[in-house]
Amino acid sequence: MNDRALATRRRFSLTLERNLAVIFALLGILLTTLIALHWVIVIEPTLRADAESRSRAFAQAQSSGIESVLRNTDRPDQLANEILTELGAVLLLKDESTETPFVRRITLVLDEDLLALAPESLDLARGVEQCTDCFVTEVPLYDPDGHLLVGIATFYSSPQFLNDLVHSVRGKLLWVGGAMLLVIALAWFGASRVLRRLGESESNLRTLFEVAPFPMILAERGLAGVAQANQAAKTYLVLEPDNTGRLNSAAWEALAADGLPAGIGEQRETQILTNDKSRRWAVVSAMPIRFSGVSSRLISLVDISELKAIQDDLRLASLTDGLTGAYNRRYLLQKLGEEIERAKRYGDELSVILLDLDSFKAINDTFGHRVGDEVLVKVAATLRTCTRDVDVSGRYGGEEFLVILPLTSAALALEVAERIRRTVKALTWSQPGLRVTVSGGVCEYAGMDVDGLVEIADQRLYRAKDGGRDRVVGTS
């Protein structure tokens, strides 16, 4: 080979090396951008939104304790101290593993016209003085009898749990990104020494694609099945080769039929059918790319099943009574409003039963609050056994219970109420001499609103009380 040919070969080699360097540099930038976009667009907003949702649900759940203090305190001179005690109890709730409090500060502003409190007790605060990075949730407090707004509780939830989770996920993503960049650098170094063919860049991309710890899928537009998937995606979606050699599964077909995100920045929460027929939640995002000259989409999934489960648990906690496990007053009024709207629309029958334990204070005074709690729990369970699946029952407040009976006339509702009364009266208790009875009022919907319907049932309940207790009144 003459000097001119050698020089030409060297120039070609240098040009190829530069081209390979540019290609791999762009590849590194692309993958780094993907990871950064996935973090900024999908993971961090999802974690933050979930943390804020959990903080709101926790605050709403804890506000019921404050409302209970406002409802149950008989002596106004002790009300401020009991409120401060309740606020302190909330601040003591901590994560067992980190000893980090869930709430760092609580402020409480009360209505001076509705509560007999000293002026200095209308604006209360407990916890740290400043919490600039806390999640702030304002929860209105309502008078349980008059449905009037009596104050606003502001909860400053600790961001420590979100910060720890963000740092952990970010560290893993940085490790993956670093590993990807290292693999790219090594691939470029080998290509620059042996002048491998440009087509090996696709092999390197496949390697990087495979080592990603989260499911990633390469799907070609207009074709069924999956062209390529990393091991995480094969496991998560149970992908197997079909008769065409492409990867496919029932989970992937359901995911594709549900509709995949179309562009950068778009994301979608969806349910994934697993191999054992259970369902998991995932956030799906997609980026359009050209792979080997073919228009494709790079699809990634982030499993959020645990976050969804926590969110569902917190939502359930905000709708149920902590002692009895039955629905609480907030949910009952919401559900009754929905049933009234349905009755208006379709002309269906609708009735409610308002029940109250007879002489419950005497039970607490005689047998103690532990037995009183046992009575509440057992009566709540009895309501569920005496009603249909479509019926809704719950603890309306204190020792009062509300039963919502869709598609039920007043006559049938009266029969249900009598069945409940007899069943409660026949219950056996752990304490000798304990006898529990209930009184009830029944009302059928006739065009009134939620408050009006419950008010009529309440009036009939008091008629049952005045008539000697242990009875149900269903007519005017």
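Which residues in α8 meet Val450, Leu453 and Val454 in α12? In this predicted model, the α8 side of the contact is made up of Leu333, Leu336, Gly337 and Ile340. The two helices pack at an angle of about 110°, and their axes are 10 Å apart. Angles of 65 to 115 degrees count as roughly perpendicular, so that is the label for α8 and α12.

Both of these helices also turn up among the salt bridges, of which the structure holds 13. As a rule, side chains of opposite charge can pair when their charged atoms come close. Within α8, lysine 344 forms a salt bridge with glutamate 341, with 3.8 Å between the closest N and O atoms. These two residues sit 3 places apart in the helix, or about one turn. Glutamate 341 is partly exposed, at 42% relative accessibility.

Helix α12, for its part, supplies lysine 465, which forms a salt bridge with aspartate 356; here the closest N and O atoms are 2.7 Å apart. Because lysine 465 belongs to helix α12 (residues 450–466) and aspartate 356 to strand β12 (residues 350–357), the pair ties together parts that are 109 residues apart in sequence. Are the two partners buried or exposed? Lysine 465 counts as buried at 17% relative accessibility, and aspartate 356 counts as buried too, at 9%.

Another pair links distant parts of the chain. The side chains of arginine 395 and aspartate 321 meet in a salt bridge, at 3.2 Å from N to O. Arginine 395 is in strand β13 (residues 392–397), while aspartate 321 is in the loop between α7 (305–319) and α8 (329–346), and 74 residues separate them. Arginine 395 is buried, with a relative accessible area of 17%; aspartate 321 is also buried, at 17% relative accessibility. Elsewhere, charged residues go beyond simple pairs: Glu418, Arg421, Lys425, Arg435 and Asp470 are linked in a network of salt bridges.

Next come the nonpolar residues. The largest nonpolar core has 27 residues, and the ones that touch the most other members are Ile353, Leu357, Val375, Phe401, Ile420 and Val436. At least two residues of this core come from each of β12, α9 (360–367), α10 (369–385), β14 (400–406), α11 (410–425) and β15 (438–444). The biggest giver is α10, with 6 residues. What does isoleucine 420 touch, leaving aside its neighbours within four places in sequence? The contacts are Leu355, Leu383, Cys386, Thr387 and Val403. There is also a second, separate core, with 22 residues, among them Val176, Ala212, Val283 and Met287.

Finally, there is a sheet to look at. It is an open one, built from 4 strands in the order β2-β1-β4-β3, with antiparallel pairing. Its edge strands, β2 (123–127) and β3 (135–142), each pair on one side only. From one strand to the next, the twist averages 15°. Strands β1 (residues 103–110) and β4 (residues 149–157) run antiparallel and are joined by 7 bridges. Which residue in β4 does threonine 107 stand opposite? Another threonine, at position 154.

How values were computed
Residues numbered from 1 in each chain as written. Predicted model: local features only at pLDDT ≥ 70, side-chain atom pairs only at ≥ 80, totals over all residues. Heavy atoms only, no water. Pairing = 2+ DSSP bridges. Axes fitted to C-alpha atoms, helices over the stretch in contact; angles between N-to-C directions. Salt bridge = Lys/Arg side-chain N within 4 Å of Asp/Glu carboxyl O. Buried < 20%, exposed > 50% of the residue type's maximum accessible area, 1.4 Å probe, protein only. Core = buried A, V, L, I, M, F, W, Y, C linked by side-chain atoms within 4.5 Å. Contact = heavy atoms within 4.5 Å. Parallel < 35°, antiparallel > 145°, perpendicular 65-115°, else oblique.
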